[in-house]
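This report considers how charged and aromatic side chains are arranged in one chain. The sequence and the model are shown first, and the account then turns to particular contacts.

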Amino acid sequence: MASLCPPFPSSACSTSSSLSLSSRTRFIHNHTSCCIPAASATNIIRCEVSNSLNGKPLVPVINDGALSNFLQVGRPNHTLVNGKLKLFSGTANSELSKEIARYMGLDLGMIDIKRFADGEIYVQLQESVRGCDVYLVQPTSPPANENLMELLVTIDACRRASAKNITAVIPYFGYARADRKTQGRESIAAKVVANLITQAGADRVLVCDFHSGQSMGYFDIPVDHVYCQPVILDYLASKSISSNDLVVVSPDVGGVARARAFAKKLSDAPLAIVDKRRHGHNVAEVMNLIGDVKGKVAVMLDDIIDTAGTISKGAELLHEEGAREVYACCTHGVFSPPAIERLSSGIFQEVIVTNTIPLKEKHYFPQLTVLSVANLLGETIWRVHGDSSVSSIFT
């Protein structure tokens with residue numbers, strides 16, 4: 001059973017709020033607060049902080065060859081198969097692409113992406129990919145339509161340049177919430193997008209935390225579903241919250257399976273569920289709470305925070321029911337207005353997201369912490385390329 005106190009150093013690092021936004025520093029995380037045995041206290045991990053958000057660092061990629069807990073089991077020997085792996089980045093999240101390349105010890109491929117005056121997208125590869133396994137990193141985050149079109153055009157450029165295999169690495173899969181019909185005469189846009197990516201020429205797709213697992217079935221090509229929970233779990237473990245004080249909360253009934261799996265890895269923490277009634281898109285009304293949160297530290301888990309209506313109303317209910325502190329955790333921080341106002345209103349002790357979607361400076365607020373998934377994606381790419389197990393990363 002996993003504990004909140006990891007048996008060896010975690011990749012999650014923190015520093016004081018005195019760090020400036022422009023600082024670049026190297027530091028060693030003090031693991032004594034994480035219940036690390038004295039014998040292993042010397043086994044420290046050096047991390048580089050590349051940016052800080054209102055005094056909180058962007059939790060870094062470990063650059064000394066060390067791996068986070070969830071990557072240490074069954075790690076294969078990574079070697080380039082015939083030197084034929086090429087990693088390219090779109091414009092949607094170039095910083096994440098650079099971190100992935102740094103972890104993998106590769107240079108990003110040279111690519112020219114332009115936009116004409118009328119908005120049309122032009123893509124030209126600046127190096128040969130003939131016979132190569134090409135990995136394109138491009139989330140379809142806002143502006144979703146523009147980033148999706150760029151991904152499709154880039155896939156087509158690789159296909160016409162005779163790439164052997166093309167893998168679309170999509171940290172955030174846009175249109176994922178339109179994955180079923182809830183009313184008559186609705187489209188299932190997630191299936192349409194899956195068809196577009198397949199028809200453009202992708203041979204494989206790698207996605208972080210689908211909104212629902214059924215979306216994998218919309219693709220007629222192999223899909224590697226990467227779970228980002230281990231990154232968040234590592235960070236929460238570094239906070240040394242007592243398992244007796246913890247309760248994991250699902251902000252709606254649809255996220256119960258996700259929250260239950262998360263709670264199981266947090267020393268089998270108890271689970272609470274917010275019963276939500278939705279009256280329209282991006283409009284939610286909280287009705288009831290199932291479970292006990294009185295005097296507890298509540299960790300609300302979701303895959304996406306868009307306008308933050310659901311999770312903020314849920315947090316208000318948790319405080320009314322006696323929760324001591326409320327943490328919000330999610331993989332994809334879309335943060336459409338008025339999300340920042342809701343999240344920074346003081347109802348959350350901390351809002352923890354990953355960098356699958358790039359955050360602009362206007363999205364920063366004091367309670368925000370951003371965790372990097374670059375190690376996780378880089379390791380997954382290596383294993384896909386080397387025909388090794390991906391699921392063993394998460395077990």
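R177 forms a salt bridge with D306, with 3.0 Å between the closest N and O atoms; the term salt bridge is used for a side-chain nitrogen of Lys or Arg within 4 Å of a carboxyl oxygen of Asp or Glu. Because R177 lies in the loop between β9 and α3 and D306 in the loop between β15 (297-305) and α6, the pair ties together parts that are 129 residues apart in sequence. R177 is partly exposed at 40% relative accessible area, whereas D306 counts as buried at 12% relative accessibility (buried is under 20% relative accessible area, exposed over 50% and partly exposed in between, with a 1.4 Å probe and protein chains only).

The model is predicted, and local features need pLDDT of at least 70, side-chain atom pairs count only at pLDDT 80 or more, and totals for chains, interfaces and linings use all residues. Residues are numbered from 1 along each chain as its sequence is written, and side-chain values use heavy atoms, with hydrogens and water left out.

Across the whole structure, a search finds 15 salt bridges, three of which are listed here.

| Salt bridge | N to O distance |
|---|---|
| R177 and D306 | 3.0 Å |
| E95 and K98 | 3.5 Å |
| D112 and K114 | 3.6 Å |

E95 and K98 both belong to helix α1 (residues 94-104), where they are three residues apart, about one turn of the helix; helices (H or I, at least four residues) and strands (E, at least two) are DSSP runs numbered from the N terminus. E95 is partly exposed at 46% relative accessibility, and K98 is likewise partly exposed at 46%. K114, the partner of D112, has a relative accessible area of 47% and is partly exposed. In addition, R115, E146 and E150 are linked in a network of salt bridges.

Aromatic side chains supply another set of contacts, and the structure holds six aromatic pairs (ring centres of Phe, Tyr or Trp, the last by its six-membered ring, within 6.5 Å; planes under 30 degrees apart are stacked, over 60 edge-to-face and the rest tilted). One of them is the edge-to-face pair of F173 and F210, at 5.4 Å centre to centre and 75 degrees between the planes. This pair links distant parts of the chain, 37 residues apart, with F173 in the loop between β9 (165-170) and α3 (189-200) and F210 in the loop between β10 (204-208) and β11 (223-226). Both F173 and F210 are buried, and together with F219 they form one aromatic cluster.
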